[in-house]
Amino acid sequence: MADFGLHTYQQEVVERALKGENIIIWLPTGGGKTRAAVYVAKKHLETTPNAKVMVLVNKVHLVDQHYNKEFEPYLGHTFIIKKVSGENKEKDFFGLVVQDSDVVICTAQILYNALINKEEARHVELSDITLLIIDECHHTQKEEAYNKVMRLYVEKKLKGEKPLPQILGLTASPGTGGAKTLDKAVEHVLEICANLDSAIVSAKEYASELKEVVPRPRKIFKIVKERLQDPFGDHLISMMNIIHSRMGLPPDFRLKECGTQEYEADVVNLEQRGVQEKNRPLAQYALHLRQYNDALLINDTLRMIDAYRSLEEYYSKKRTNPIDETDTFLLELFEENQVELRNLARDSRFENPKMDELQSTLLEQFRSGVPSRAIIFSKTRKSIHCLKDWVLTNRALQEAGIKADILTGAGNGITYMTQNEQAEIIKNFRMGSLNLLISTSVAEEGLDIPECNLVVRYGLLTNEIAQQQASGRARARNAQYAFVAQAGGREDRRERINEYLEELTGQAIGRVQTMTPQEFCSKITQLQEMAVTCTKIELKRQAEKRSRNTASSFQLSCRGCFTPVASGSDIKLVENMYINVNPAFKNHYNVGDKPTLDRSFKDWEPGCKISCKKCNKKWGNEIKYKKCAIMPNLAIKNFALESPGQEWPPVKKWKDVPFTVEDFNFKEYCQENNPDLLD
């Protein structure tokens, strides 16, 4: 193991994996889980006939990272290693890639798609794989792609079907799954073990070495007093109360306190109720109240001007097409109060004290005389853009030599980053041309971020897993992990709960590890049988629900204006997209910009964004299929469902619609709409 540079504690945690057992390696962020997994993969490839190693990750950027940083440098000179993600063409013949490779690194969704796809070039069997490595394996639960893969594994195991791959899971923390008691936390850890069909191992004999190699940062609570006066926030609440009195709340509904997550949940429910009842005023009032509540939450975390700008941006898009008196009232309410809100937002006497504390925390580090790197973790893409603007316009922070940029998840749209942009930001941070990253949770988990002297969690309400992963980024000697919050506020309470849950996780894992092998195996099998049964019952229930309804009996209406625009029978399924094949549907939408994507697809290419002609509600985007047929790809969350004599609640995903969507038949489509395409 010396050529790999493994520490003794790493050698300890891989022992059982080297014997062919299914295990989960539990080591903290920075503890070298991936390096240990590469070593296990090497030994497996050297000792197992017809070995095939599959490495699963849950985010696209981790495919490249694991390939470039770990597997290719250590194994590439001896073995054929391939990386496959949704951003390269190999996914279209994934089965062939697996046949021709020793190690394949891919996202879990790609493997799952290959397992259920019967097309020979794309199909893979679990029996083709001899070692399955699952990164960040605490995500193996519910409907996550990891769990869909492992559900197929468990079903085969319970039927006695062999061969099946050896499993190696990696995690910094399985968490407690929301449990607050030890017994419930133990149940959660056992459920993760059952889902992965694996025991969980950690450093025991060499735990002291682990603490030396991965020192925990010094944690400091930066607690500030509540604002004595908040005229900007008070004015927002007075405007919300005007909407409350106008909207006429249902008699069975009571709203929670403005400016809280609970209030947000209430108005989300109200909007859904408005959609279900086709009550447009109620739905619109609720949507606008959510924007005001968002502004209150921003005001509580960031600058007043950031909260004001969020409303200004929202209403600038509403000025073009009010379609009824509800829209007119809501627009006029904002415009009548706009000047007063702007003036209050610019009054520095009432600025957010948390921002002052954040500034002093950064200055303490960057004026210390020690070359420093720091990360600020914040909740949303909007908040990190606001924080970057604050840093770049703050004279004291600039004079301290702070060079900041943002890091967000990969995706499409102006607030997302491409993988190349992510890599460039991290490279600049490593090289020193940047010394402060302002990041969403993307940097908490998995990304190869250089050691930091300071990690700040700011305006965050997350679970104990995210907290542990964020603190693990502060790996430099004498590093600090700072938490900035209002005394007794929601973030302060959550952080202290997380500290307790982190300890509870360790106790739960300890309890599981002391179970006898017989007791552990019996419990795991019991949980697996229960999970398989529950899945079958749920699938049967969904199928029965859909069989009771025909697609043609459903009407889709725009969720923004409730204009009927399509029949359920117009919708067909192709390449995991839900398209409208009725040519008349184009009369209902406007065409917008065409997004640019870094990836390509075998049978289709993305087209322009589309939105409702009447109210501008975003609906989805066009696609060009087989280089000739242009059809709209719709997101069901943007539509309301209706059938004769029954109200239906809105759904977020197509899998939850109460009717069966048929597969798209290209030949049939061409015969009906354009026979020339078949020539």
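Where in the chain is the place of Ser 433?

1. **Ser 433.** The model is predicted. In it, Ser 433 sits in a loop. Helix 17 (419–431) and strand 11 (436–439) flank that loop. The relative accessible area of Ser 433 is 41%, and partly exposed covers the range between 20% and 50%, so the residue counts as partly exposed.

2. **Neighbours of Ser 433.** Leaving aside residues up to four places away in sequence, Ser 433 touches Lys 403 and Asn 428. Ile 402 is 31 residues from Ser 433 along the chain. The C-alpha atoms of Ser 433 and Ile 402 are 9.9 Å apart.

3. **Overall fold.** The chain holds 21 helices and 24 strands. Its radius of gyration is 27 Å, close to the 26 Å that the globule rule gives for 679 residues, so the chain is as compact as a globular protein of that length. The C-alpha trace spans about 75 × 70 × 45 Å along its principal axes.

4. **Burial and contacts.** Of the 679 residues, 52% count as buried. Take the contacts in the chain with a separation of 6 or more: residues 24 or more positions apart account for 70% of them.

5. **Surface and charge.** The accessible surface of the chain is about 31500 Å². Carbon and sulfur atoms own 48% of that surface. There are 93 positive and 93 negative side chains. The centres of the two sets lie 0 Å apart.

6. **Aromatic pairs.** The count of aromatic pairs comes to 16. Why is the pair of Tyr 315 and Phe 334 stacked? The ring centres of Tyr 315 and Phe 334 are 4.6 Å apart and their planes meet at 10°; the cut-offs are within 6.5 Å for a pair and under 30 degrees for stacking, so this pair is stacked. The pair links distant parts of the chain. Tyr 315 belongs to helix 12 (residues 304–316) and Phe 334 to helix 13 (residues 325–345). The two residues are 19 residues apart.

7. **Setting of the stacked pair.** Are Tyr 315 and Phe 334 buried or exposed? Buried means under 20% relative accessible area. Tyr 315 has 0% relative accessibility, so Tyr 315 counts as buried. Phe 334 also has 0%, so Phe 334 counts as buried. Ring pairs link these two residues with Tyr 292 and Tyr 314 into a cluster.

Note on methods: Residues are numbered from 1 along each chain as its sequence is written. This is a predicted model: local features need pLDDT of at least 70, side-chain atom pairs count only at pLDDT 80 or more; totals for chains, interfaces and linings use all residues. Side-chain values use heavy atoms; hydrogens and water are left out. Helices (H or I, at least four residues) and strands (E, at least two) are DSSP runs, numbered from the N terminus. The radius of gyration is taken over C-alpha atoms; the globule rule is 2.2 Å times the number of residues to the power 0.38. Buried means under 20% relative accessible area, exposed over 50%, partly exposed in between (1.4 Å probe, protein chains only). Contact means heavy atoms within 4.5 Å. Accessible areas come from the Shrake-Rupley method with a 1.4 Å probe; for residues, only the protein chains shown count as cover. Lys and Arg count as positive and Asp and Glu as negative; His and the chain ends are not counted. The place of a charge is taken as NZ of Lys, CZ of Arg, CG of Asp or CD of Glu. Rings of Phe, Tyr and Trp (its six-membered ring) pair if their centres lie within 6.5 Å; planes under 30 degrees apart count as stacked, over 60 as edge-to-face and the rest as tilted.
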